[in-house]
Amino acid sequence: MTKQPTPSITPCNPPELGTPPGYSQIVEVRAGRLIFIAGQTALNRNGKLVGHGDFGSQAAQVFVNLTIALHAAGCTATHLVKLTVFLTDMNNLAAYREARDAFFATVSPPAAPAVTLVEVSKLYGPDFMIEIEAIAAA
């Protein structure tokens with residue numbers, strides 16, 4: 001097995017765009033491979049919803065699932081370069097940020113991927129409140 005080069009992941013926030021809270025405006029990547037992670041919802045390993053009606057619990061489970069997916073690819077949160085976050089209610093933004101910050105606090109150096117966050121009318125399951133898809137570089 002040949003050793004993969006260590007990816008170079010460089011976040012950037014040009015002063016003209018301002019410094020966003022908890023993510024980067026631009027992420028430059030030089031890597032040997034890209035990992036695309038499908039949208040993760042609050043389902044546990046048995047396919048059961050975690051946190052029915054509880055956004056905080058759902059968000060925590062989504063980040064658990066994202067961690068599992070990253071580890072399966074030999075990665076951690078430091079390898080993330082892009083997140084797309086779907087919320088069914090933008091009033092949950094603060095709770096999302098709390099879960100996100102706890103997730104990124106688990107790695108060093110801190111990760112700050114580019115992020116797109118949108119409110120959607122519904123997700124594929126009627127009880128899902130959050131879904132996150134991701135791209136990692138390794």
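# A tour outward from helix α1

Start at Gly-74, just after helix α1, where phi is positive at about 75°. Most residues other than glycine have a negative phi.

The model is predicted, so local features need pLDDT of at least 70 and side-chain atom pairs pLDDT 80 or more, while totals for chains, interfaces and linings use all residues. Numbering runs from 1 along each chain as its sequence is written, and side-chain values use heavy atoms, without hydrogens or water.

**Helix α1**

Select residues 55–72, which form helix α1. Helices (H or I, at least four residues) and strands (E, at least two) are DSSP runs numbered from the N terminus. How far apart are the end C-alpha atoms of α1? They are 26 Å apart, in agreement with the 26 Å that its 18 residues should span at 1.5 Å a residue; the expected span is 1.5 Å times one less than the number of residues.

Now colour the buried residues of α1: Phe-55, Gln-58, Ala-59, Gln-61, Val-62, Phe-63, Asn-65, Leu-66 and Leu-70. Buried means under 20% relative accessible area, exposed over 50%, and partly exposed in between (1.4 Å probe, protein chains only). An α-helix has 3.6 residues a turn, so residues three or four places apart point the same way. Show β3 (34–40), β4 (80–87), α2 and β6 (130–137) as well, since the buried residues of α1 pack against these elements.

**The start of α1: Asp-54 and Phe-55**

Move to Asp-54, in the loop between β3 and α1. Its relative accessible area is 35%, so Asp-54 is partly exposed. What does Asp-54 do at the N-terminal end of α1? Asp-54 caps that end, with a side-chain oxygen 3.2 Å from the backbone nitrogen of Gly-56. This is a polar contact: N or O atoms within 3.5 Å, one able to donate a hydrogen and the other to accept it within protein, with sequence-adjacent residues counted only if both atoms are side-chain atoms. For a distance across the model, select Ser-8: its C-alpha is 37 Å from that of Asp-54, with their positions 46 residues apart in sequence.

Step on to Phe-55, in helix α1. Is Phe-55 buried or exposed? Phe-55 is buried, because its relative accessible area is 5%. Beyond four places in sequence, Phe-55 is in contact (heavy atoms within 4.5 Å) with Leu-87, Asn-92, Ala-95, Tyr-96, Met-129 and Ile-130. Measuring in the viewer from Phe-55 to Cys-75, 20 residues apart in sequence, gives 26 Å between C-alpha atoms.

**Helix α2: Arg-100**

Select residues 93–104, helix α2, and pick out Arg-100 within it. A relative accessibility of 5% is why Arg-100 counts as buried. Leaving out residues up to four places away in sequence, Arg-100 touches Pro-21, Gly-22 and Phe-63. Phe-63 is one of the buried residues of α1.

**Strand β6: Ala-136**

Next select Ala-136, in strand β6. With a relative accessible area of 0%, Ala-136 is buried. Which residues more than four places away in sequence are in contact with Ala-136? They are Arg-33, Leu-34, Ile-35, Leu-70, His-79, Leu-80 and Val-81. Of these, Leu-70 is among the buried residues of α1. Arg-33 is 103 residues from Ala-136 along the chain, but their C-alpha atoms are separated by 8.5 Å.

**Two loops: Ser-24 and Pro-109**

Go to the loop between β1 (8–12) and β2 (26–30) and select Ser-24. Ser-24 counts as buried because its relative accessibility is 3%. Where does a polar atom of the Ser-24 side chain lie? It lies 2.7 Å from the backbone oxygen of Ala-112. Apart from residues up to four places away in sequence, Ser-24 touches Pro-11, Cys-12, Asn-13, Ala-112, Pro-113, Ala-114 and Val-115.

Finish at Pro-109, in the loop between α2 and β5 (114–119). Show the backbone here: the peptide bond from Ser-108 to Pro-109 is cis, with omega near 0°. Most peptide bonds are trans.
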